[in-house]
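I opened the sequence and the coordinates side by side. These entries record what I looked up, in the order in which I looked.

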Amino acid sequence: REGKPVYNATISITSPDKKSVRTDVHGSFAFFALSAGKYDVQCEFKGTRLLQNPILEAGKLSKVNFLLK
C-alpha cells in the first residue's frame with residue numbers, strides 16, 4: 001500500500017499531554033483541546049512503527065506524512 005492512506009492507524013502524542021487517536025479512512029487524524037507546547041508524534045499500524053518522529057505545536061494546523069515499515 002505504498003503511498004496510500006492508512007485507516008485505523010494509532011497516532012500518539014506525548015509531552016505535555018499524552019493522547020492517542022485513530023486515523024480515518026483518508027488517513028487523517030486530529031487532536032483537540034491540547035495544552036500549549038510542542039508534542040512528539042508517533043504512528044503505529046499492525047506491528048509497524050514510524051521511521052520519523054515529527055514535532056507538532058498545539059494551536060497550529062500541520063500536515064504529517066508517516067512512512068511505515
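The entries below go from the whole chain to single residues.

**Entry 1: basis.** I noted that this is a predicted model, in which local features need pLDDT of at least 70 and side-chain atom pairs count only at pLDDT 80 or more, while totals for chains, interfaces and linings use all residues. I count residues from 1 along each chain as its sequence is written, and side-chain values use heavy atoms, with hydrogens and water left out.

**Entry 2: confidence.** I looked up pLDDT, the predictor's confidence in each residue, from 0 to 100. The chain averages 83, and 88% of the residues score at least 70. Among the elements, strand β2 (residues 19-22) has the highest mean, 95, and strand β4 (residues 48-49) the lowest, 74.

**Entry 3: elements.** I took helices (H or I, at least four residues) and strands (E, at least two) as DSSP runs, numbered from the N terminus. I found zero helices and five strands, in the order β-β-β-β-β from the N terminus on.

**Entry 4: burial and contacts.** I used three classes: buried is under 20% relative accessible area, exposed over 50%, and partly exposed in between (1.4 Å probe, protein chains only). Of the 69 residues in the chain, 22% are buried. For contacts (heavy atoms within 4.5 Å), I looked at those between residues at least 6 apart in sequence, and 23% of these join residues at least 24 apart.

**Entry 5: the loop between β1 and β2.** I checked the backbone here, knowing that most residues other than glycine have a negative phi and most peptide bonds are trans. S15 lies in this loop, and so does P16. A cis peptide bond joins S15 and P16, with omega about 5 degrees. Phi of S15 is positive, near 60 degrees. S15 is partly exposed, at 47% relative accessible area.

**Entry 6: the loop between β2 and β3.** A33 lies in this loop, ahead of β3 (38-45). Phi of A33 is also positive, near 55 degrees, although A33 is not glycine. With a relative accessibility of 72%, A33 counts as exposed.

**Entry 7: aromatic rings.** Rings of Phe, Tyr and Trp (its six-membered ring) pair if their centres lie within 6.5 Å; planes under 30 degrees apart are stacked, over 60 edge-to-face and the rest tilted. I found one such pair. The ring centres of F29 and F31 are 6.1 Å apart and the planes stand at 75 degrees, so the pair is edge-to-face. Which partner is buried? F31 is buried at 17%, whereas F29 is partly exposed at 24%.
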